[in-house]
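Work through the following exercises with the sequence and the 3D structure open beside you. Each task is followed by a solution that goes step by step.

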Amino acid sequence: MDVSTLQRRFAIEGLANIVEGQGGLPSVRITTQACDGEVYLLGGQVTRWKPADSDEVLWLSQHSLYRVGKAIRGGIPICFPWFGARAGDPKAPSHGFVRTREWELESITANDSITVTLLTRSDDSTKQLWPADFELGLRATFGAQLTLQLEFRNTGKQSAHFEEALHAYFTVGDVRQAGVSGLASTDYLDKTDSNARKSQSGDVHISSETDRVFLDTTRDVEIHDPNIHRIIRIQKQNSRNTVVWNPWIEKARSLSDFGDAEWPSVVCVEPSNVGANSIEVAPGQQHTMQLTISCSSL
């Protein structure tokens, strides 16, 4: 459906409208007393959440590409059914294929908050990359908090095994002065050091390229930002990994959709199930991972 048809069918006057976003791509824009927000049908990707009386929480690169088949750099991309490079298949798209697909808009509902439900499902093109029959739904609820529920349903006759991540990019005043708490005394795999297994001592502080997969952790995580005077709280359910990422100087320069000078303004904290914590779902069953983001003053 084109944007005008989606607007007639799903819009809620004064609260949620379907518009042509960047690159002419359809997006749902949320405007309520509690927050402003946006989610693109491309990738089922939330790109904005700004609570009332707060700065933007999610980060977007000014160099983001807004084209079908390309991922949007920033917001909360969905990584599925693998995370990072696919083992044994270097030609496979990084982080899976759903973040570059156009999703279907299923519904928009209004209660105390606005909930946008999106869906993508298996077809001939996905089976060339991954054989499972599935439906993958995103339920994004915009209010004083932002809640994302990523729901996988196995519609096939075989068990499905996959990795998943909600690759959330957060805006910070200066990542060198911010700290990420809630991961102390947790083991992690350091992807900048050949996946060496290490243990986190105290809060995470970014002072170089950082790419850590924290293991067997379900705890809440907080980003303490003295520049913006804000705490971002990241709560999750049915997630056993937390990834912390910042590209630093050289990695940022190597990414065509990431500005050379943008790295100090972002840190990624990503609820996920990857590697040894990947998920297996039996035929006819489902699995839901949830992320809830909230803010308070520091």
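A residue is called buried when its relative accessible area is under 20%, exposed when that area is over 50%, and partly exposed in between, with a 1.4 Å probe and only protein chains considered. The model is predicted, so local features need pLDDT of at least 70 and side-chain atom pairs count only at pLDDT 80 or more, whereas totals for chains, interfaces and linings use all residues. Residues are numbered from 1 along each chain as its sequence is written, and side-chain values use heavy atoms, with hydrogens and water left out.

**Exercise 1.** Determine whether Gln290 is buried or exposed, and find its surroundings.

Solution. Begin with the place of Gln290, which is in strand S22, residues 286-297; strands (E, at least two residues) and helices (H or I, at least four) are DSSP runs numbered from the N terminus. Next, compare its relative accessible area of 16% with the cut-off: Gln290 is buried because this value is under 20%. Then list its contacts, where contact means heavy atoms within 4.5 Å: leaving aside neighbours within four places in sequence, Gln290 touches Thr147, Leu148, Gln149, Gln235, Lys236 and Gln237. Finally, the side chains of Gln290 and Gln149 are joined by a polar contact of 2.9 Å; such a contact is a pair of N or O atoms within 3.5 Å, of which, within protein, one must be able to donate a hydrogen and the other to accept it, while residues adjacent in sequence count only if both atoms are side-chain atoms.

**Exercise 2.** Describe the largest nonpolar core.

Solution. A nonpolar core is a set of buried Ala, Val, Leu, Ile, Met, Phe, Trp, Tyr and Cys residues joined through side-chain atoms within 4.5 Å. The largest one has 74 residues, and Leu105, Trp130 and Phe170 are among those with the most contacts inside it. Its largest share, 5 residues, comes from strand S8, residues 134-142. Apart from this core lies another, of 7 residues, including Cys79 and Phe83. To see the surroundings of Leu105, leave aside its neighbours within four places in sequence; its contacts then include Phe10, Val28 and Val116.

**Exercise 3.** Why is Cys79 not bonded to the closest cysteine sulfur?

Solution. Recall that a disulfide is a covalent bond between the sulfur atoms of two cysteines; here the criterion is a pair of cysteine sulfur atoms within 2.5 Å. The closest cysteine sulfur to that of Cys79 is in Cys268, 9.5 Å away, which is too far for a bond. Cys79 is also buried, at 1% relative accessible area. For Cys35, which is in no disulfide, the nearest cysteine sulfur is that of Cys295, 11 Å away, and Cys35 too counts as buried, at 2%. The structure as a whole holds 0 disulfides.

**Exercise 4.** Examine the backbone at Pro81, His95 and Asp216.

Solution. Start from the general pattern: most residues other than glycine have a negative phi, and most peptide bonds are trans. The bond joining Phe80 and Pro81 is cis, with omega about 0°, and Pro81 lies in the loop between strand S5 (78-79) and strand S6 (104-110). His95, in the loop between S5 and S6, has a positive phi of about 65° and counts as buried at 12% relative accessibility. Asp216, in the loop between strand S16 (210-214) and strand S17 (221-225), has a positive phi near 50° but counts as partly exposed at 48%.
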